[in-house]
Amino acid sequence: MSSQAFSQQTVITGTVKDQAGVTLPGVSVLLKNTTTGTITNESGAFSIKVPNSQAILVFRYLGFDPLERTVGANSTLAVVMLESTNSLTEVIVVGYGEQKKSTLTGAIATVNTKEILKSPTSNVTNSLVGRVTGLTAVQSGGQPGNNAATISIRGAATYGNTAAIVIVDGIERSSFGDIDPNEIESVSVLKDASSTAIFGIKGANGVIIVTTRSGKEGKPKISYSGNTSMQTYTGIPKALSAYDNAFLINEANRNDGRAETWRADELQKFKDGSDPYGYPDVNWFEEVTRKSYLQTQHNVNVSGGTKLIKYFTSVGYLFEDGIFKELDSPYGIRTTPSYTRYNFRSNLDLNLTKNLQVSVRLGGRLGKRYQPSGLGGNAFAYDNVEGMISRILQTPSFAFPITLADGRIAQNPDVGTNIWNPLAVLTRWGTRNDDANTIESNFNVNYKLDGITKGLSFKGIFGYDSYFTSNMRRNANWAAYIQDRTTGVVTLDPGARNINEPLGGFISTSSGNISSNLQLGFNYARSFGKHNFSGVLLATRQLNQQEGTGLNAAPRAVEGIVSRSTYNFNEKYFVEFNAAYNGSEAFAPGYQYGFFPAVSGGWNISRENFLKDVTWIDNLKIRGSYGQVGNDGLTNANRFLFLSDYNVQNGGAVFGLPNSSVSSPIVVVTGNSEGNQLVTWETGTKRNIGFESRFFKNSLEFIVDLFDETRSGILTQKNSGQVIYGLTYPALNIGEVYNKGYEAELNYRNRVGAFNYSLNTQISFARNKIISRDEPISTPANKLQAGNRVGQFYGLTSLGFYTSQADIDAYLPTTIPGVRIPGDLKYKDIDGDGVITVDDTSPIGFSRTPEYTYSVAPTLSWKGISLSVLFQGVANVSSDYILAENNNGAQMYEFQLERWTPETAATATWPALHSRTVSSGNYRLNDFTLQNAAYLKVRNAELAWNLPQKWVKSLKLNSLRVALSGQNLYTWTKFKFYVDPENVNTSFTNFSRQSVYPTSRIYNLGLNVTL
């Protein structure tokens, strides 16, 4: 086309797509430096008149970087826009409102639905780790329906309750992990005082804000998302064969001066398998578990709208299968644990008049978790998966055959205490069903009051949530038979396993609660030239009615006033004030309310005149904040700690002569503990300074935050008081913890032709120190918690192995229970008293909460094909998960083949072995058995293909995407005990740390279709 052809205005047409080749409707197309413009239609097409070939078109679309294109000698343009990574024009959801990212002065990180959906996990909490700075998520187990990660924000600043509060669509809720990820628009993490002070008495541990999707103006868009996943476990303990286990038992017996358990001919039978019923070799974990099991997830949603009404509706389904095989049960027990979840959501936004907007948010889910189960109701309840796993892991290969030759259940009480046949445990013990029904609703009203003053509006929100849970169990029993290994004679188990009893009656329990939340107030936003003001003032009241009796029957209530005021000049200089005056009924009258203020400011240096000609700097901003926030999530189980609970005890006082006494009732303090009228919340004093920058046309971004916090008033049990007080001291707000750290994020992205590449790297560090925690006066310095981490492990310090009996005799005496033999761990005399005692414990390792969390995430894309990988790791973290021979069944593991013996003394990596019933100091917590739980994982990977538009259009579709993805694909770690280093049983502490359902490695095939 010649330049003369542009002598009069010419029509330029084109299509706008994203980098995956999907057309973009609603893109603004503007002739630069004019008011001439248009928008793309539903197919991403546009048409616009331009004056000449030098004309420049500017393309803008929410969530994408602005793009300029010179028309040149083209009458048709093919435009590809790049998705923005935290564009400065992006609107971020904050406490009780929204703010433009460029105006933020607080420490807030956000992840969008696209990143969340890359992870094919059943619980959203497991999709966040490595994607948000300052957030640590630890998944300690993998049971279907009970595999949520424990989330902490900026580590732990208290030894009390460290849980962040969760806000979903403006209403505080108990959790968000079971929301269908297809329903989520974004997740914001609020970390500093500026962003959390508005939550007042609740915000000190940070805030997680989940925003669900809304409809957008346009014709109805129907989307389907389907995923089929193959799961396998990330790791399991590697048990020894029957021969190796029996051989080592003999060795352990010799070490302890005992007779060998197994004769040479018996060892040979274990080795050659010549007598599989008398001398079996059964790897029980492999026998009852399977290598792979399914997970499926489906979602259909419809969105769209007009100027009057916008809508988003969604229906989701999830099925997550379990690790155990589908074994035959004579009682009809399903042996495979599973989880089924149904999600629904309906979000409506209505513009009833030009000033009145009303919106409704309805969300719900029904979760059904099933598992084979044992007996419950006592200290060692087996109605949980940890109990079931513990029976399997502690059953050694030599214990007994799967069944006797005639099919009867084999068992042998001589193997160890409560060592039951795992086949019977799964097929003949019982069932458990847990249901959880959730309804969450919001009703929002916004009325513009421009008639009073421009920018003022009234805001009202009412949230009403209903939660109901139920548990149903049935129990059974089985007859177990013992076959004498030598004679083959079979006898009935003399214990409780002596009769076949099918499933009995139902044992059912249920509970529920109803929560309501009311917010009424005003928003204000207005600009006067270059002066920009905004404000929020709201009254809030929240009630949570739970089932209970007595003091626990009262609803839990929080109410108060929250506010935010912001000002900026030309988006160059910023100042913001946040404050909350709120309180809780958990405290005594006169001590229920507190004031929580925060101030923050910022300076966008890149908008200064002295940098206006520096074209390679796109953004350069410094911000800082200071303030106080509360935490009323007290960990004490009592409802009202300010009350002294009394009861009348009959016959407590006796008067009169021995032969004519009279008893009189007395009033006593219940639980031997009186109330504390002064009990109150924790207070966190937080400081934060941040630096944000973008360079080279936004291709390079660097963000860093430095922070610290002093948490005071932590509820603490008084341990230094005098015994003569008579009663147990009440808990007092006397604890203090100091926490500090930093976060850094580096993003780089670029494009060469149709090839796009990017790299995101993150690192977060948080270290805490207990300043004050009331401890007994006589506590040795090496055992004090003050000065050490929250959750710090304390144990003995090893100096290697004893090399001989002479080495033992020449070393210090010990009062630690257990025999000492060559090859045992030698411990250091920490307190210098010349004796190894329990007082020689001192801080070892770290805690279970990582101090470092980091990630590296490269992404490549070419036309419609994309590849992304998330490498994520943690450091400075320890685990007390341990495998050893001192379990009920003397189960041993492959690493114990490297134990200490006189012949392997120079190369041994594990102490000498002991008999199961012999006490040994080797397994008192120490720095040798405490594990380094640091790791680096291929946490997530996704290879996706957006099919070409010409293929998609021929199928009458808008887009079609196919993806292969994976989660927890590979782990590098020094952790010794085979399982995922995050895995540890902390829920049911009557069982061992290794009694844990392993987390899953997931291979997923996904399909996304949009009509």
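Is isoleucine 209 buried or exposed? In this predicted model, isoleucine 209 has a relative accessible area of 3%, and because that value falls under the 20% limit, the residue is buried. The residue belongs to strand S16, which comprises residues 207–212. Beyond its neighbours within four places in sequence, isoleucine 209 is in contact with Val93, Val94, Gly95, Ile167, Ser186, Val187, Ser188, Leu190 and Phe199. Its C-alpha atom is separated by 29 Å from that of lysine 219, ten residues further along the chain.

The overall dimensions of the protein may be considered next. For 1011 residues, a compact globule would be expected to have a radius of gyration near 30 Å, and the 33 Å of the protein agrees with this. Along the principal axes, the C-alpha atoms fill a box of roughly 105 × 80 × 60 Å. The secondary structure consists of nine helices and 50 strands. Of the 1011 residues, 52% are buried. Among contacts with a separation of 6 or more, 69% join residues 24 or more positions apart.

The surface and the charges complete this general description. The accessible surface comes to about 43,400 Å², and carbon and sulfur atoms account for 57% of that area. The protein carries 91 positive and 84 negative charges, whose mean positions are 10 Å apart.

Helix H4, residues 264–272, shows how burial is distributed around a helix axis. Glu266, Leu267 and Phe270 are buried in this helix. These residues cover an arc of only 100° around the axis, which puts them on the same side of H4. An α-helix has 3.6 residues a turn, so residues three or four places apart point the same way. On the other side of H4, Ala264 and Lys271 are exposed. The cover over the buried residues of H4 includes helix H3, residues 242–255. Just after H4, glycine 273 adopts a positive phi of about 70°.

Positive phi values also occur in residues other than glycine. Tyrosine 96, which is not a glycine, has a positive phi of about 60°. This residue is found in the loop between strand S8 (91–94) and strand S9 (97–100). Its relative accessibility is 17%, and tyrosine 96 therefore counts as buried. The preceding strand and loop also bear on the opening question, since Val93, Val94 and Gly95 are among the contacts of isoleucine 209.

Asparagine 698 likewise has a positive phi, near 65°, and is a residue other than glycine. The loop that holds asparagine 698 lies between strand S36 (682–695) and strand S37 (700–716). With a relative accessible area of 26%, asparagine 698 is partly exposed, whereas tyrosine 96 is buried.

Where is glutamine 394 placed? Glutamine 394 is in the loop between helix H6 (385–393) and strand S22 (409–410). Although this is a loop position, glutamine 394 counts as buried, at 8% relative accessibility. Apart from its neighbours within four places in sequence, glutamine 394 is in contact with Ile419, Asn887, Asn888, Gly889, Gln891 and Ser992.

Note on methods: Residues are numbered from 1 along each chain as its sequence is written. This is a predicted model: local features need pLDDT of at least 70, side-chain atom pairs count only at pLDDT 80 or more; totals for chains, interfaces and linings use all residues. Side-chain values use heavy atoms; hydrogens and water are left out. Helices (H or I, at least four residues) and strands (E, at least two) are DSSP runs, numbered from the N terminus. The radius of gyration is taken over C-alpha atoms; the globule rule is 2.2 Å times the number of residues to the power 0.38. Buried means under 20% relative accessible area, exposed over 50%, partly exposed in between (1.4 Å probe, protein chains only). Contact means heavy atoms within 4.5 Å. Accessible areas come from the Shrake-Rupley method with a 1.4 Å probe; for residues, only the protein chains shown count as cover. Lys and Arg count as positive and Asp and Glu as negative; His and the chain ends are not counted. The place of a charge is taken as NZ of Lys, CZ of Arg, CG of Asp or CD of Glu. The arc is that of the directions from the helix axis to the C-beta atoms.
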